[in-house]
Amino acid sequence: MIRLPEAGGGTREYTPRAEPLAVPAGGALTSRAVFSAAHVVADPYADTTPDSPAAVDWDATLAFRRHLWSHGLGVAEAMDTAQRGMGLDWAGAAELIRRSAAEAKAVGGRIACGVGTDRLTGPADLVDVREAYEEQLALVEETGSQAVLMASRALAAAAGDREDYLDLYGHLLRQASEPVVLHWLGPMFDPALEGYWGSADLDAATETFLEVIAAHPDKVDGIKVSLLDARREVELRRRLPEGVRCYTGDDFHYPELIAGDEQGFSHALLGIFDPLGPLAAEAVRTLDTGDVDGFRKILDPTVALSRHLFEPPTRFYKTGVVLLAWLAGHQDHFAMVGGLQSARSLPHLARAYELADGLGLFPDPALAEARMRSLLTVYGVPA
């Protein structure tokens with residue numbers, strides 16, 4: 001029995017489960033391309049401040065990626081989940097890309113890496129934005145990784161209209177040596193991206209997005225859509241050119257979007273698959289056999305946890321992701337680059353623990369309980 005704090009004050013008793021859900025490692029997934037966006041593990045011994053460059057525990061960070069690869073998942077590296085622009089600067093992201101790409105080659109893991117403009121930390125014009133993108137695209141391609149062209153805060157600030165997006169993305173796609181993934185990250189994940197693709201009207205923005213793809217279909221492997229709007233994703237998915245994939249980034253509706261309908265389905269590139277990795281892989285393996293109902297039976301119960309972790313302010317979902325990695329034994333501490341472990345309340349973290357434990361996500365439930373107790377003690381919750 002463990003006493004957990006409640007949002008309205010007071011505490012309640014919770015009985016943790018005694019046994020984990022047994023999910024073995026497995027080989028490649030076949031019916032869907034599935035990437036987990038992966039978090040970074042901070043170095044808790046580094047003498048840093050939230051304004052300092054990120055201090056990363058590279059051994060633990062790479063070990064977590066090996067964990068994901070062992071279950072047949074791809075790793076989406078240096079993305080939002082890795083705290084790009086929220087504790088991890090471009091220098092840290094570049095090192096992360098190099099190290100993870102080398103590790104992927106060593107173990108035969110699939111990897112895609114984020115390309116952005118986050119070396120720009122002050123006012124920038126469109127030339128600056130283009131050059132920043134080009135620098136990062138070159139680095140990712142040099143490592144042999146697939147590139148994910150991430151939405152850019154600097155571009156959102158510098159662009160005057162849709163033509164600026166069409167010109168810049170067209171330039172980058174012509175330069176890319178291999179097909180890339182285009183990433184549309186909504187303002188719920190990053191408020192600075194409001195009005196991306198030249199309009200705050202999502203219908204107008206969608207037309208611009210589709211125009212970029214239609215002009216260069218041979219250079220677009222797929223799109224990652226993170227708008228938390230299942231209907232819009234399905235409509236967009238149905239309008240993609242033949243051969244261009246949709247990778248869902250919808251952490252609220254992923255089971256139904258991955259399962260698909262009679263007109264198609266979404267692949268996946270999801271932050272929630274960081275804590276759900278083994279369970280998500282098991283679900284997709286079930287889907288590989290054609291068992292859609294079995295897939296939904298495994299994955300549907302995880303949505304409550306995902307919706308909790310990604311509740312507004314959504315950009316702070318990384319805090320819950322790292323908490324669960326610590327409780328699951330993937331790292332020895334609950335510290336984050338930029339001090340982001342403080343971004344969620346104790347009742348929020350306690351509920352994340354309860355939901356994850358109920359799903360059987362912790363390989364050692366006793367360890368998870370002991371670590372949760374230690375966190376509660378620090379906050380003064382009575383035993």
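How many strands close into a barrel, and in what order? Eight strands do so, in the order β3-β4-β5-β6-β7-β8-β9-β10, with parallel pairing. Welcome to this predicted model; the points below walk through the barrel, its aromatic rings and a few single residues.

**The barrel and its strands**

- On average, and ignoring direction, neighbouring strands of the barrel sheet are turned by 25 degrees against each other.
- Strand β3, residues 34-37, runs parallel to β10 and is joined to it by three bridges.
- Within that part of the barrel, S36 stands opposite L270 in β10.
- Strands β9 and β10 also pair in the parallel sense, over two bridges, and here T248 stands opposite A268 in β10.
- Moving along to β8 (residues 220-226), you will find four bridges joining this strand to β9 (residues 245-248), and the two run parallel.
- G222 has R245 in β9 as its bridge partner.
- Helix α6 packs on the sheet, where it touches β7 and β8, and its direction makes about 170 degrees with that of β7.
- Strand β10 (residues 267-270) has side chains pointing two ways: H267 and L269 go one way, while A268 and L270 go the other. Whichever way they point, all of these residues are buried.

**Aromatic rings**

- Across the whole structure, a search finds 16 aromatic pairs.
- One of them brings together F189 and F310, edge-to-face, with 6.2 Å from centre to centre and 70 degrees between the planes.
- This pair links distant parts of the chain, as its members are 121 residues apart. F189 sits in the loop between β7 (180-185) and α6 (202-215), and F310 in the loop between α11 (303-309) and α12 (317-327).
- Both F189 and F310 are buried.
- Y196 and W197 form another edge-to-face pair, with centres 5.2 Å apart and planes at 85 degrees.
- Are Y196 and W197 buried or exposed? Y196 has a relative accessible area of 2%, so this residue is buried, and W197 counts as buried because its relative accessibility is 1%.
- Y196 and W197 also belong to one aromatic cluster, together with Y133, Y165, Y169, W184 and F209.
- A charged side chain meets a ring elsewhere: R32 lies over the face of F265, at 3.5 Å from the ring centre.

**A closer look at Q331**

- Q331 is placed in the loop between α12 and α13 (346-359).
- Although it lies in a loop, Q331 is buried, because its relative accessible area of 2% falls under the 20% cut-off.
- Which side chain makes a polar contact with the side chain of Q331? The side chain of H39 does, at 2.9 Å.
- A polar atom of the Q331 side chain also lies 3.1 Å from the backbone oxygen of H333.
- Setting aside neighbours within four places in sequence, Q331 is in contact with H39, V41, V322, A325, W326 and R371.

**A7, a loop residue near the start of the numbering**

- A7 is found in the loop between β1 (2-5) and β2 (11-14).
- With a relative accessible area of 77%, A7 is over the 50% cut-off and therefore counts as exposed.
- A7 and V337 are 330 residues apart along the chain, and their C-alpha atoms are separated by 26 Å.

Key: Residues numbered from 1 in each chain as written. Predicted model: local features only at pLDDT ≥ 70, side-chain atom pairs only at ≥ 80, totals over all residues. Heavy atoms only, no water. Buried < 20%, exposed > 50% of the residue type's maximum accessible area, 1.4 Å probe, protein only. Phe/Tyr/Trp six-rings, centres within 6.5 Å; stacked < 30°, edge-to-face > 60°. Lys NZ or Arg CZ within 6 Å of the ring centre and 35° of its normal. Pairing = 2+ DSSP bridges. Axes fitted to C-alpha atoms, helices over the stretch in contact; angles between N-to-C directions. Contact = heavy atoms within 4.5 Å. Polar contact = N/O pair within 3.5 Å; in protein donor to acceptor, adjacent residues only side chain to side chain.
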